[in-house]
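Here are my notes on the model, as numbered points. Have the viewer open while you go through them.

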Amino acid sequence: MTNVRQNNPTASTRTASTRTASTRTASTRTASTRAASTRSGPSTRPRGAAVLTAVLTAVVLVPLAACSSSPSPAPATSSSPKPTTASFEATASGTMAPVPVNPLTGQGPVPSGPVVAVKIDDTASSRPSRGVDRADVIYVEEVEGGLTRMIGVFTTYPTVRSVRSMRPMDAELLWNYGNLVYVATGGGGSGPATLAGSPFSRVIMDDGAAGFARDRSHPAPYNVNADLQLIASRTKGARAHNVGFTWAASDPRVAKAPADAAVSTRVGNTPMTFTWDAGAKTYVRTINGRRLNTAEGRPIAQPNVLVQMCDGYTDRSDIDPIGNPSRYTKTVGSGPFVLYRDGKRLTGTWKRPTPGAPTSYVDASGKPLPLAPGGAFVLLARKGTPAS
């Protein structure tokens with residue numbers, strides 16, 4: 001086992017790493033720049049048809065289902081990709097047909113390559129990170145000692161650092177993505193067995209998988225790079241499909257929502273703070289009021305911060321070297337959420353009946369609340385955690 005977990009019980013010194021993205025400014029997070037030509041993934045946009053310049057925004061309605069709290073993963077349900085933000089093309093018969101877009105961002109064509117999920121360190125010892133700003137979705141989850149780790153979900157393939165070890169909760173969290181490519185350095189406790197029972201294609205450094213390398217910028221275990229381009233080219237995995245996010249550039253409920261230019265919450269004992277950048281139309285992750293950049297000099301940011309309040313329990317099957325048990329966050333079930341987008345704050349309820357089902361995010365009347373196209377942070381906080 002090459003992984004050594006870090007523990008620091010002092011929350012003030014273990015604030016969350018930032019994930020800012022200057023490349024995800026309003027100009028670079030448009031549908032054209034999220035196309036595969038700029039994100040290094042091949043385009044699947046249909047050819048031979050005249051593309052009209054009008055872009056229409058549509059919201060995919062995710063069926064609501066009764067909540068289940070079963071912690072045991074079930075076989076993934078089949079769900080056809082559904083467009084969320086679509087341009088329209090003229091067909092040979094002269095009719096108008098929607099062009100599907102990336103369901104994980106609401107922008108650009110559906111990527112032709114596999115979805116890749118990477119377990120990433122979220123502590124000061126690994127900063128600055130590499131490649132995190134290129135993720136479509138970034139989950140932040142609580143692990144041992146109140147610390148956090150990230151899972152970056154990618155449909156383009158940068159080199160990412162610092163890659164860390166799996167956790168048992170990852171199987172439940174990512175099950176509805178289907179046969180994605182799951183990348184980690186290794187894992188302890190029940191993590192390997194849990195992941196072995198998942199539908200994922202697993203690429204694990206400790207198993208001798210190709211695509212990993214250490215650099216000299218950080219000490220081990222905080223220096224593992226993963227070459228996602230190489231990994232994606234050698235590993236079969238599912239393409240992006242609907243996992244429950246809906247997208248719309250505008251919505252009347254957003255216009256009526258109260259303004260909130262800053263996000264302050266926590267995951268475990270780790271503060272999570274973000275600042276709304278109106279010019280870039282993104283929320284920039286901060287630590288102690290400072291924006292942090294990737295090693296490439298790009299801020300880590302997304303158009304949305306989704307604080308998802310979850311149940312969970314102490315997972316004593318996974319204990320770190322100094323005796324701290326991990327936290328298992330349950331993402332099957334239901335609970336409140338807070339959505340920050342466009343400098344506004346909206347609230348609602350999330351529901352996910354089974355591991356294979358999409359997660360729905362709806363308002364008080366049961367209608368889906370759309371995210372701003374471009375990607376999202378999803379913070380998996382404990383129920384009762386304040387979010388302001």
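How exposed is Tyr313, going by its relative accessible area? Tyr313 comes out as partly exposed, at 36%. Keep that in mind for point 4.

1. First, the caveat: this is a predicted model. Everything below should be read with that in mind.

2. On the overall make-up, the protein has 25 strands and five helices. Of its 388 residues, 57% are buried. The exposed surface comes to about 14500 Å², and 55% of that is supplied by carbon and sulfur atoms. As for contacts between residues at least 6 apart in sequence, 70% of them join residues at least 24 apart.

3. Now the inside. In soluble globular proteins, nonpolar side chains tend to be buried together. Here the largest nonpolar core has 38 residues, and those with the most contacts inside it are Val118, Val183, Leu228, Val305, Val307 and Leu379. If you want one residue to click on, try Leu228: setting aside neighbours within four places in sequence, Leu228 is in contact with Val116, Val118, Phe154, Tyr157, Pro158 and Val160. Another core, of 37 residues, lies apart from the largest one and includes Ile151, Val153, Trp175 and Val254.

4. Then the rings. The structure holds eight aromatic pairs. One of them is Tyr182 with Phe200, a stacked pair at 6.0 Å centre to centre with 20° between the planes. Tyr182 sits in strand β10 (residues 181-184), while Phe200 is in the loop between α3 (191-196) and β11 (201-204), so this pair ties together parts that are 18 residues apart in sequence. Both partners are tucked away: Tyr182 counts as buried at 0% relative accessibility, and Phe200 counts as buried at 5%. Back to Tyr313, whose ring pairs with that of Tyr328: the centres are 4.9 Å apart and the planes at 10°, so this pair is stacked too. Tyr313 belongs to strand β20 (residues 312-319) and Tyr328 to strand β21 (residues 325-329), and the two are 15 residues apart. Burial is uneven in this pair, since Tyr328 counts as buried at 7% relative accessibility, whereas Tyr313 is partly exposed.

5. Which residues do ring pairs link into a cluster? Look for Phe245, Trp247, Phe337 and Tyr361. I'd put these four on screen together, as ring pairs join them into one group.

Note on methods: Residues numbered from 1 in each chain as written. Predicted model: local features only at pLDDT ≥ 70, side-chain atom pairs only at ≥ 80, totals over all residues. Heavy atoms only, no water. Core = buried A, V, L, I, M, F, W, Y, C linked by side-chain atoms within 4.5 Å. Buried < 20%, exposed > 50% of the residue type's maximum accessible area, 1.4 Å probe, protein only. Contact = heavy atoms within 4.5 Å. Phe/Tyr/Trp six-rings, centres within 6.5 Å; stacked < 30°, edge-to-face > 60°. Helix = DSSP H or I, 4+ residues; strand = E, 2+ residues; numbered from the N terminus. Areas by Shrake-Rupley, 256 points an atom, 1.4 Å probe, with all protein chains shown as cover.
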